Amino acid sequence: VAEIKFQTARALRALGNKKRAAEVLADALRTAGAAGNESLAVRIEAFMAWSDVQDGNAVEAQRRLEELIPRADKTEPEAQFAVRFTLAKTLRQDDPARAVEILRELAASLEQRSAPSVAADVYAELSKALASQGLSEEALLYAQRAYKTSLKAKGGV
C-alpha cells in the first residue's frame, strides 16, 4: 500500500499538484513506517528531498539527504542508490566536485550489478556534473556512454 501511495504522489507531483503530492507522500511515509519497510521509507524521504530541491530549498534537501545516508546504508541497494543519486543531483550546482565523486562511485557499483537502465541515468548526470566543471571531453565520453547504455537497456544494441 505504501508503494502505491508513493507512486501516486510521484504522479501527482509530475502533474503539478504539489500540495496533494506532499499530503500523499506524508501518508506513504507513515504507511511505510507502520509496515516496517525502512527501505521504502528512505526512498520516499529521498524523493521528498528532491521535491524540496525543485521547490528551491536545496540547502534543506542536502541536509536531509546527508542524514539519510546512514539509514539508507542499513537497507536495500535501491534505497542506497536513491539517496546518493539524489544527493549528487542536489550538489551538482553548489559542490560539483563532490557530485562527480558520488556519481563515479555509483557508476562503478552499477557496472558490477549490471543495471544498464539505471547506469544510463547515472552516466547522464555524471556528464552534466563534469560539464559544469569545464571537463568537456570527459563529459562527452559519459554522455556517449549514457546513450549507448540506454540503447542496450532498451534492447537496441
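Contact here means heavy atoms within 4.5 Å. I start there since a residue in helix α3 will need it.

The model on the screen is predicted.

With that cut-off in mind, take S39. S39 sits in helix α3. Leaving aside its neighbours within four places in sequence, S39 is in contact with T75, E76 and A79. For one of those partners there is also a backbone distance: the C-alpha atoms of S39 and A79 are separated by 5.6 Å, while along the chain the two are 40 residues apart. A79 falls within the span of helix α5, which covers residues 77–91. Is S39 buried or exposed? S39 has a relative accessible area of 7%, so S39 is buried.

Now the chain as a whole. How many helices and how many strands does the chain have? There are eight helices and zero strands. Read from the N terminus, the order of elements is therefore simply α-α-α-α-α-α-α-α. The radius of gyration is 16 Å, against 15 Å from the globule rule for 157 residues, so the chain is as compact as a globular protein of that length. Along its principal axes, the C-alpha trace spans about 45 × 35 × 30 Å.

On burial and surface: of the 157 residues in the chain, 40% are buried. The accessible surface is about 8,600 Å², and carbon and sulfur atoms account for 52% of that. On contacts: if we take those between residues at least 6 apart in sequence, 48% join residues at least 24 apart. On charge: the chain has 23 positive and 22 negative charges, and the mean positions of the two sets are 5 Å apart.

Next, the aromatic rings. A pair of aromatic rings is described by the distance of the centres and the angle of the planes. The search of the whole structure finds three aromatic pairs. I will go through two, namely F6 with F47 and F81 with F85.

What is the geometry of the pair formed by F6 and F47? The pair is edge-to-face, at 5.9 Å centre to centre with 75 degrees between the planes. F6 belongs to helix α1, residues 2–14, and F47 to helix α3, residues 38–54, so this pair ties together parts that are 41 residues apart in sequence. F6 and F47 are both buried.

For F81 and F85, the ring centres are 5.2 Å apart and the planes are at 15 degrees, so this pair is stacked. Where does it sit in the chain? F81 and F85 are four residues apart in helix α5, and about one helical turn separates them. F81 has 15% relative accessibility and counts as buried. F85 is buried as well, at 12%.

Back to helix α3, for E45. Which residues does E45 touch, not counting those up to four places away in sequence? The answer is L29, R64, L68 and R71. L29 falls within helix α2, which runs over residues 18–35. Between E45 and R64 the C-alpha distance is 8.2 Å, with their positions 19 residues apart in sequence. E45 is a buried residue, with a relative accessible area of 13%.

Two further residues, for contrast in accessibility. R20 is in helix α2. Its relative accessibility is 42%, so R20 counts as partly exposed, the cut-off for buried being under 20%. The C-alpha atoms of R20 and T8 are 10.0 Å apart, and the two residues are 12 apart along the chain.

The other is S117, in helix α7, residues 116–132. At 46% relative accessibility, S117 is also partly exposed. S117 and Q7 are 110 residues apart in sequence, and 19 Å apart in space, C-alpha to C-alpha.

To sum up: this is a predicted model of a chain with eight helices and zero strands. Helix α3 carries S39, E45 and F47. S39 is in contact with T75, E76 and A79, E45 touches residues including R64 and R71, and F47 forms the edge-to-face pair with F6. The stacked pair is F81 with F85, in helix α5.

Notes: Residues numbered from 1 in each chain as written. Predicted model: local features only at pLDDT ≥ 70, side-chain atom pairs only at ≥ 80, totals over all residues. Heavy atoms only, no water. Helix = DSSP H or I, 4+ residues; strand = E, 2+ residues; numbered from the N terminus. Rg over C-alpha atoms; globule rule 2.2 N^0.38 Å. Buried < 20%, exposed > 50% of the residue type's maximum accessible area, 1.4 Å probe, protein only. Areas by Shrake-Rupley, 256 points an atom, 1.4 Å probe, with all protein chains shown as cover. Lys, Arg positive; Asp, Glu negative; His and termini not counted. Charge placed at Lys NZ, Arg CZ, Asp CG, Glu CD. Phe/Tyr/Trp six-rings, centres within 6.5 Å; stacked < 30°, edge-to-face > 60°.
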